[in-house]
Number of protein chains: 2
Amino acid sequence: MTKQERIEREVQEGVCEFMHVHEEIVEKVEKVMPDEQQLLDLSEFFKVFGDSTRIKILYVLSQSEMCVCDIASLLQMGQSAISHQLRVLKQMQLVKFRRDGKTVFYSLSDNHIQTILAQGMEHICE
Amino acid sequence: MTKQERIEREVQEGVCEFMHVHEEIVEKVEKVMPDEQQLLDLSEFFKVFGDSTRIKILYVLSQSEMCVCDIASLLQMGQSAISHQLRVLKQMQLVKFRRDGKTVFYSLSDNHIQTILAQGMEHICE
DNA sequence: TAAACATATGAATAAATGTTCATATGAAAG
DNA sequence: CTTTCATATGAACATTTATTCATATGTTTA
């Protein structure tokens, strides 16, 4: 989008009246904006951490691999709720699992996850 | 909660039938569980990153301080929407601001934020 | 002091999300 | 091969959440 195009759009849509947008800043930052899709993926990724049930699951799995019933017992929640959330965690590749007979054991898929949890903890503990 | 208390509850509530909970694991992990409130705060913290508008705002602010109209222009969204989301970011202390006449300039409050964004990027780019 | 303007905010609406309930799947044991 | 049992899943419901619209606030300039 050229400068002129943007200004035209701004005027047309009347967004923010846009008389005082700082054009230099906007132009500069626009050039380095990542893909729309990438930022979307990023927010989807963080969304997974943004639910207390899932955070708790991630936390307990950071201590030990565990089956669905173990997690349900620890969190005092129903099996179905845990299973649904594990699916979300699986889809985002935050957990992996292995099957042992009738039991499925879940664990964290890599240690990025622990790093991110730790960073978050640090921030809220400030 | 003692082992017996938990088992009683499990039986009573019928959660997961609980015949095959791995008691050793559950007991061990229960001992190191952080405060309920702390995990709640943690999920609230990550929830802020879990929206594409807010992620975009955080990203553009990582490039330069900016006023509300600049952000609205860059993201092609209304002023009100941006302002509402900035409030959320402010409340969670992810952004700070300074006033200059009629204009309010926002910026990231510290570099934890950039670290977390970068970790997230790394994960999704794998 | 009045007008202009950047930002903030409350209420309403639409969309997304988490849990529950009922039931399905698939592995093991009899 | 039938039953049992751990886990998975679909549908329904309740709650949360993001955006829009209209308007308020607070600063500057005429």
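Here are a few friendly questions and answers about this predicted model.

Q: What makes residues of chain A and chain B count as being in contact, and how many does each chain give?
A: Two residues are in contact if their C-beta atoms, placed from the backbone, lie within 7 Å. By that test, chain A gives 50 residues and chain B gives 50 residues. On chain A, the elements that each supply at least two residues to this side include α1 (3-13), α3 (36-49) and α7 (112-124). Sorted by class, the side of chain A that touches chain B holds 25 nonpolar, 15 polar and ten charged residues.

Q: How do you know through which surface the copies meet?
A: Of the interface residues of chain A, 100% are also interface residues in chain B, so the copies meet through the same surface.

Q: What makes the relation between chain A and chain B that of a two-fold axis?
A: Chain A is superposed on chain B by a rotation of 180°, with 0.0 Å of shift along the axis and an RMSD of 0.0 Å. Therefore the relation is that of a two-fold axis.

Q: Why do β1 and β3 of chain A count as paired strands?
A: Pairing takes at least two bridges between two strands. Two bridges join β1(A) to β3 (residues 103-108) of chain A, and these strands run antiparallel. Across from A:C67 stands A:F105 in β3(A).

Q: Why are β1 and β2 of chain A said to stand at the edges?
A: In chain A, three strands form an open sheet in the order β1-β3-β2, with antiparallel pairing. β1 and β2 (95-100) each have a single partner strand, so one side of each is left without a neighbour in the sheet.

Technical notes
Residues are numbered from 1 along each chain as its sequence is written. Chains are lettered from A and ligands numbered from 1 in the order in which they are written. This is a predicted model: local features need pLDDT of at least 70, side-chain atom pairs count only at pLDDT 80 or more; totals for chains, interfaces and linings use all residues. Helices (H or I, at least four residues) and strands (E, at least two) are DSSP runs, numbered from the N terminus. Ala, Val, Leu, Ile, Met, Phe, Trp, Tyr, Cys and Pro count as nonpolar, Asp, Glu, Lys and Arg as charged, and the others, Gly among them, as polar. Copies are superposed by least squares on the C-alpha atoms of residues with pLDDT of at least 70 in both.
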